[in-house]
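Work through the exercises below with the model open in your viewer. Try each task before reading its solution.

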Amino acid sequence: MTDIATKPSPKPEPGKGPIVQRLFGAIAGRYDLANHLLSGGLDFLWRRRAAKIVHSWAPKRVLDMATGSGDLALAITKQCPSATIVGADFCQPMLDLARSKGLTNLVQADAMNLPFSNGEFDVLTVAFGLRNMENMERALAEFARVLRPGGHLLVLDFSVPRAPLRWLYRIYLHRIVPFLAGLLTGEKSAYEYLGASIEEFPQGEAMNRLIASTGFDETQCRPLTGGIVSLYTARRV
Ligand SMILES: C[S@@+](CC[C@H](N)C(=O)[O-])C[C@H]1O[C@@H](n2cnc3c(N)ncnc32)[C@H](O)[C@@H]1O
């Protein structure tokens, strides 16, 4: 039997940045609908959990990187009403969606080279975004630069659960998601890329080590929903 995970990867390399930017521009109109349907609404719970952790840090200034259609920024705004939440993304159609939901502090910016000063933020969050970035080490180093010493990083992203859930999950991820999302968005290949990118994305201890190597300590990984997603937190050294 073919192992789904070892199929040739459709991951767009090299020059991934502009390709990812176009890809999200193409699916922006249906992005939220596809997210909520394909996750069975769990994405709301994952973002709420992330926002509660952000609240526990009592930040004044938060940067939500790869903010996309703004759902995490909105969840954080609810939990931290007196904080300033800035959303940044390099895809303008996604930012337009975020603006249509009432977010105002939105900046078009590439995570590889952020237009912010050193130490400008108390917290930096990135949900389902780091995995898509051209160079994760460079992005994390930029995140460390714009965070103040002692500030906090939160990364929320997909991971691969342990067996036996892993087998079912892989069938869902590599067969069902591209099929359904292809019908919903007309961009099946974008969702084939999603599965490949999740398989290649470091998780658990590997992700903790990667984060720690870019200027952070106190790294922690919390698997959610049986490990379908993981929530990483760390403190800027
Ligand atoms: C899967 S969406 C996640 C959006 C949102 N954070 C959420 O939770 O739904 C990924 C987003 O990352 C953005 N992105 C990917 N690479 C980026 C980069 N290098 N700089 C800025 N944004 C990036 C894409 O444009 C897209 O909006």
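Four exercises on this predicted model follow, each with a worked solution.

**Exercise 1. Classify the packing of helix H1 against helix H4.**

Step 1. Take the geometry. The axes of H1 and H4 are 7 Å apart, and the angle is about 25°.
Step 2. Apply the cut-off. Angles under 35 degrees count as roughly parallel, so H1 and H4 are roughly parallel to each other.
Step 3. List the contact residues. H1 supplies Phe24, Gly25, Ala28 and Tyr31, while H4 supplies Pro93, Met94 and Leu97.
Step 4. Sort them by class. The H1 contact with H4 has six nonpolar residues, one polar and no charged ones.

**Exercise 2. Repeat the analysis for H1 and helix H6, and find the handedness of the crossing.**

Step 1. H1 spans residues 16-38 and H6 spans residues 165-185. Their axes come within 9 Å and cross at roughly 140°.
Step 2. Assign the orientation. Only angles over 145 count as roughly antiparallel, so H1 and H6 are oblique to each other.
Step 3. Assign the hand. H1 passes H6 in a right-handed crossing.
Step 4. List the contact residues. From H1 come Ile27, Arg30, Leu33, Ala34, Leu37 and Leu38; from H6 come Val177, Leu180, Ala181, Leu184 and Thr185.
Step 5. Sort them by class. The contact of H1 with H6 holds nine nonpolar residues, one polar and one charged.

**Exercise 3. Place Phe143 in the nonpolar core and in helix H5.**

Step 1. Start with the core. The largest nonpolar core has 67 residues. Ile76, Leu124, Phe143 and Leu153 have the most contacts inside it.
Step 2. Find the main contributor. Strand E5, residues 147-158, gives the largest share of this core, six residues.
Step 3. Check the partners of Phe143. Leaving out residues up to four places away in sequence, Phe143 touches Met65, Leu124 and Leu153.
Step 4. Look at the helix. H5 covers residues 136-146, and its buried residues include Phe143, Ala139 and Leu140.
Step 5. See what surrounds H5. Its buried residues pack against strands E1, E4, E5, E6 and E7, and against helix H8.

**Exercise 4. Decide whether Ser100 is buried or exposed.**

Step 1. Locate the residue. Ser100 lies in H4, which runs over residues 92-100.
Step 2. Count the neighbours. Ser100 has 10 other C-beta atoms within 10 Å.
Step 3. Apply the cut-off. A residue with 12 or fewer counts as exposed, so Ser100 is exposed.
Step 4. Add a distance. The C-alpha atoms of Ser100 and Ser69 are separated by 8.9 Å, with the two residues 31 apart along the chain.

Methods: Residues numbered from 1 in each chain as written. Predicted model: local features only at pLDDT ≥ 70, side-chain atom pairs only at ≥ 80, totals over all residues. Axes fitted to C-alpha atoms, helices over the stretch in contact; angles between N-to-C directions. Helix = DSSP H or I, 4+ residues; strand = E, 2+ residues; numbered from the N terminus. Parallel < 35°, antiparallel > 145°, perpendicular 65-115°, else oblique. Left-handed = near helix turned anticlockwise from the far one by under 90°. Contact = placed C-beta atoms within 7 Å. Nonpolar A, V, L, I, M, F, W, Y, C, P; charged D, E, K, R; others polar. Core = buried A, V, L, I, M, F, W, Y, C linked by C-beta atoms within 7 Å. Buried ≥ 20, exposed ≤ 12 C-beta atoms within 10 Å, placed from the backbone.
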